[in-house]
Amino acid sequence: MIERTTVRLPSELLKRAKRMAAAEGRTLTSLIEDGLRLMVSEDRQKNAKRPRGSVPVSKATGGLMPGVDITKYSDIQGMDDLEYAERLKSGFK
C-alpha cells in the first residue's frame, strides 16, 4: 500500500534533490524512496553496529616553518602557493 506524507526539507536540499531527479530522468518521489531504502536497509544497520576501528595517530614532530603565523590565512595560502610552484618546477613528481 502506498501512503502519502508531508516531509519538511531545507530548501537547498530540496533544490538539489529535484535537480538530481531531473538529471536522472526520474521523479523526486523515486529518488527519496531509494534514499530511504538505503538508509533503513539491513546491511546498513549491521554495519552501524560493528565497532569502529581506531584511527592511527601520527607521532611526527616538527611544526610550522619559521615566520608562519597560523592566524593569518594569507601566510598559509602563501605556503600552499610555494609548494604548488615547486611541484610545477619538478613536473609534479
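**Exercise 1.** Which residues line the second largest pocket? State its volume, the elements that line it and the character of its lining.

*Solution.* The model is a predicted one.

Step 1. The lining of the second largest pocket is made of Val7, Leu9, Leu13, Arg16, Ala17, Leu31 and Ile32.

Step 2. Two elements, α1 (11-23) and α2, each supply two or more residues to this lining. The biggest share comes from α1, with three residues.

Step 3. Sorted by character, the lining holds six nonpolar residues, no polar ones and one charged residue.

Step 4. The volume of the second largest pocket is about 170 Å³.

**Exercise 2.** Describe the largest pocket: how much space lies in it, and which residues lie nearest its centre?

*Solution.*

Step 1. The space in the largest pocket comes to about 450 Å³.

Step 2. Its lining counts 13 residues, and those nearest the centre are Glu3, Thr5, Val7, Thr29 and Ile32.

Step 3. Helix α2, spanning residues 28-40, contributes six residues to the lining, the most of any element.

Step 4. By class, the lining of the largest pocket has seven nonpolar, two polar and four charged residues.

Step 5. Val7 and Ile32 are among the residues nearest the centre of the largest pocket, and Val7 and Ile32 also line the second largest pocket.

**Exercise 3.** Is leucine 9 buried, partly exposed or exposed? Place it in the chain and on the surface.

*Solution.*

Step 1. Leucine 9 is found in the segment that precedes α1.

Step 2. The relative accessibility of leucine 9 is 36%. Buried requires under 20% and exposed requires over 50%, so leucine 9 counts as partly exposed at 36%.

Step 3. Leu9 belongs to a nonpolar surface patch together with Val7, Leu13, Ile32 and Leu36. The accessible area of these residues together is about 430 Å².

Step 4. Among the patch members, Val7, Leu9, Leu13 and Ile32 also appear in the lining of the second largest pocket.

**Exercise 4.** How many helices and strands does the protein chain have, and what part of its residues counts as buried?

*Solution.*

Step 1. The secondary structure consists of four helices and zero strands, which gives the pattern α-α-α-α along the sequence.

Step 2. The protein chain has 93 residues, of which 4% count as buried.

Step 3. The accessible surface of the chain is about 9,300 Å², and carbon and sulfur atoms account for 57% of that area.

How values were computed
Residues are numbered from 1 along each chain as its sequence is written. This is a predicted model: local features need pLDDT of at least 70, side-chain atom pairs count only at pLDDT 80 or more; totals for chains, interfaces and linings use all residues. Side-chain values use heavy atoms; hydrogens and water are left out. On a 1 Å grid over the protein atoms alone, a cavity is a set of points where a 1.4 Å probe fits but cannot get out, and a pocket is an open set with protein on both sides within 12 Å along at least five of seven lines; lining residues have an atom within 4 Å of a point. Grid points are joined across faces, edges and corners, and a volume is the space filled by probe spheres set on the points. Ala, Val, Leu, Ile, Met, Phe, Trp, Tyr, Cys and Pro count as nonpolar, Asp, Glu, Lys and Arg as charged, and the others, Gly among them, as polar. Buried means under 20% relative accessible area, exposed over 50%, partly exposed in between (1.4 Å probe, protein chains only). Accessible areas come from the Shrake-Rupley method with a 1.4 Å probe; for residues, only the protein chains shown count as cover. Patches are made of residues with over 30% relative accessible area and no salt bridge: like charges are joined within 9 Å, nonpolar side chains (Val, Leu, Ile, Met, Phe, Trp, Tyr) within 5 Å. A salt bridge is a side-chain nitrogen of Lys or Arg within 4 Å of a carboxyl oxygen of Asp or Glu.
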